[in-house]
Amino acid sequence: MERIRTAVVAVLLWLVPCQGLSIHNCGGQSDGKPVAHPVAKPENMRKANAGSALSAMMGPYPGSSSGVSGVVSVTMSGGLLKVAYTLTGLDASLTSGGLHIHSGSGTDVCSDSSLPGGHYFATGFVDPWSTTWSKTAGSTTATGSFSVGASGYDTLAENEFHAVVAHGAGGARVGCGFLQYYGGLTSAIGEYPGTSSGVSGLFKVSVYTGLLEVSYTLEGLAASSTSGGLHIHSGSGTNVCSDASLPGGHYYAAGVTDPWFTTWSKPSGSTSASGTFVVGASGYDTLAENYLHAVVVHASSGSRVGCGYLGTYTTLSSELAAAMGPYPGSSSSVGGVVSVSVMDSGLLRLAYYVDGLSASETSGGLHIHSGSGESVCSDASLPGGHYFASGFVDPWFTTFEDWPAAHLPRAPSRWARAATTRSPRM
């Protein structure tokens, strides 16, 4: 039986133009050391494709006086587009309005009211953009999702950088954004309401491989603790941290196993923690569905000590991704996605989702190699060796790792953590 693995590791290098990535099996890796535990049970994971979501940060339509903001995300479902949205600043008297992808495109498409154009669909197709956001009367926030009929432009690549337009009363254009792969949400963390914990920090989440990828920096933690829960909760809104009852419980969809056994971790004696992890499928795996949701930090005892909400959208300009396949000349059936980004610390962060590996093995090397170019995987000689600069010690002993099924964590008493490999000068 094939195993599917996901985890995060980091190494000290510079981000560079796309280089060759290779996966080694255990038998072919003499210097490999396991560096990261899997971060979710296999049944919580799903296979993803590179660039498996687009997101748009929404703002007022150019030239309008609306106060619309929010996030719209687009994924694929059954070969068609699926749109998820969280919109704020809508007219309280309305219960619905149009929400469409338009023909205009580019990072400046929302700079002038003439640029978004009309509905985006191909010649010979019926216009599918009768889709709408919806909410209850009296509220100014709308959240939800819908599927889009065939437009003739039914891939993410064909919709990248296209305008998203939100409509209000009488079809008036009130919101605008553009779709891109590289987005993220950030939450400032403070004390949990009603406590005097002293906890502060930042929590960032992005989506590229189809799952939530989290990085965090926390201060004010108990020096005696080494780990504790760090989760997105069901409560939402800019005032979600004003009262202890508002953040609610873990945020995941009906019919999905709770993936929120994720944790922060640190050495005993320290009051600071930083790291990364990947979250198993929650059923709410887009930025739009997590926008404004509460982030809760737990102490080692499980008590709630920190709170924030995912209210700031940022563009991630330094993320690369590789779609993995068999090594040239091999008969392996390896597939998956490896993404690389630069953390605030300056370390490279590798997130991976790899399947088709041997069921009998538990780890193997995962490295960036010196070969480069679009044809680097066409011949076994092209990927070359490990990629690191002259004067630096080779940092590429990083590995994928999996635990046999019998040793998978049964409760959040086992903490997943990212590892850092430093590359000192020789």
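Here is a short briefing on the fold, cores and disulfides of this protein. This is a predicted model, with residues numbered from 1 along each chain as its sequence is written. Local features need pLDDT of at least 70, side-chain atom pairs count only at pLDDT 80 or more, totals for chains, interfaces and linings use all residues, and side-chain values use heavy atoms, leaving out hydrogens and water.

**Overall fold**
- The protein has two helices and 25 strands (DSSP runs: H or I of at least four residues for helices, E of at least two for strands, numbered from the N terminus).
- Of its 426 residues, 50% are buried (under 20% relative accessible area, with exposed over 50% and partly exposed in between; 1.4 Å probe, protein chains only).

**Nonpolar cores**
- The largest nonpolar core (buried Ala, Val, Leu, Ile, Met, Phe, Trp, Tyr and Cys residues joined through side-chain atoms within 4.5 Å) has 31 residues, and Trp264 and Val297 are among those with the most contacts inside it.
- Elements that each supply at least two residues of this core include strand 11 (183-191) and helix 2 (287-290).
- Strand 13 gives the most to this core, with four residues.
- A second, separate core holds 26 residues, including Leu54 and Phe146.

**Disulfides**
- There are two disulfides (cysteine sulfur atoms within 2.5 Å).
- Cys110 pairs with Cys176, S to S 2.0 Å, and the torsion of about -80° about the S-S bond makes this disulfide left-handed.
- Cys241 pairs with Cys307, S to S 2.0 Å, in a left-handed link with -85° about the S-S bond.
- Cys241 lies in the loop between strand 14 and strand 15 (263-265) and Cys307 in strand 18, so the pair ties together parts 66 residues apart in sequence.
- Cys241 is partly exposed at 23%, whereas Cys307 is buried at 3%.
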